[in-house]
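User: I would like to learn how to read a sheet and the helices packed on it. Can we work through one example together?

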Amino acid sequence: MDDRIQLYTDSKWEPVVGYCRALRVGNRVLVSGTTASTPSGVIGGDDIGAQTTEILRRIDEVLQRAGAHLEHVISTRIYVTDISRWEEVGRAHGDVFGHIRPTTTMVEVSGLVDPALLVEIEAEALVP
């Protein structure tokens with residue numbers, strides 16, 4: 001595919017697992033599951049809302065690198081390790097997407113790649 005653009009970050013998992021942070025094909029941008037992980041720890045610590053805010057900042061950043069913006073997001077998928085904390089995640093998501101209103105799904109998972117991670121988010125955007 002000639003119009004395939006792969007975007008990478010400094011994530012230690014991208015080369016090991018064999019994926020890119022975001023992929024743009026034509027006017028469609030897919031953002032891989034994104035967390036608040038850094039080499040020195042997790043941004044937000046055990047605050048799931050703060051982790052969510054950091055994740056959405058990272059998603060915004062990679063969307064811009066792909067030539068897209070948050071307003072172009074049509075869908076998000078949210079994975080949480082404790083669904084009882086859905087409202088904290090929902091509020092952070094709503095702060096960013098409240099006026100955009102993409103489709104979204106939030107599900108509880110038994111764990112993420114690092115036990116300190118409480119939330120992971122995927123996004124899909126369609127650039128007009």
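User: Which strands does α2 lie across, and at about what angle does α2 run to β8?

Analyst: Keep in mind that this is a predicted model. Helix α2 lies across β1, β2, β3, β6 and β8. Its direction is at about 30° to β8, residues 119-126.

User: What does α3 touch on the sheet?

Analyst: Helix α3 packs against β6, β7 and β8. Its direction makes about 160° with that of β6.

User: In what order do the strands form the sheet?

Analyst: Start with the general idea. Strands of a sheet pair through backbone hydrogen bonds, either parallel or antiparallel. Here 6 strands form an open sheet, and the order is β1-β2-β3-β8-β6-β7. The pairing is mixed. Strands β1 and β7 each have a single partner strand, so they stand at the edges with one side lacking a neighbour in the sheet. From one strand to the next, the twist averages 10°.

User: Which way do β1 and β2 run, parallel or antiparallel?

Analyst: Antiparallel, with 4 bridges joining β1 (residues 4-7) to β2 (residues 22-25). To fix the register, find R4: it stands opposite V25 in β2.

User: How many residues lie between β2 and β3 in their hairpin?

Analyst: There are 2 residues between them. G26 sits in the turn and has a positive phi of about 60°. Strands β2 and β3 (residues 28-34) are antiparallel and joined by 4 bridges. Two pairs let you trace the register: L23 stands opposite L30, and A22 has V31 as its bridge partner.

User: Which way do β6 and β7 run, parallel or antiparallel?

Analyst: They run parallel, and 6 bridges join β6 (residues 73-80) to β7 (residues 103-108). The chain leaves β6, passes through α3 (residues 86-97) and enters β7, making a right-handed β-α-β crossover. For the register, look at V80, which stands opposite E108 in β7.

User: How do the axes of α2 and α3 cross?

Analyst: Read distance and angle together. The axes of α2 (residues 48-65) and α3 come within 8 Å and cross at roughly 30°. Angles under 35 degrees count as roughly parallel, and the two helices are therefore roughly parallel to each other. Their crossing is right-handed.

User: Which residues make that contact?

Analyst: Helix α2 contributes I48, G49, T52, T53 and L56. From α3 come E88, V89, A92, H93, V96 and F97. By class, the contact has 6 nonpolar, 4 polar and 1 charged residues.

Notes:
Residues numbered from 1 in each chain as written. Predicted model: local features only at pLDDT ≥ 70, side-chain atom pairs only at ≥ 80, totals over all residues. Heavy atoms only, no water. Pairing = 2+ DSSP bridges. Right-handed = clockwise from strand over helix to strand, strands pointing away. Axes fitted to C-alpha atoms, helices over the stretch in contact; angles between N-to-C directions. Parallel < 35°, antiparallel > 145°, perpendicular 65-115°, else oblique. Left-handed = near helix turned anticlockwise from the far one by under 90°. Contact = heavy atoms within 4.5 Å. Nonpolar A, V, L, I, M, F, W, Y, C, P; charged D, E, K, R; others polar.
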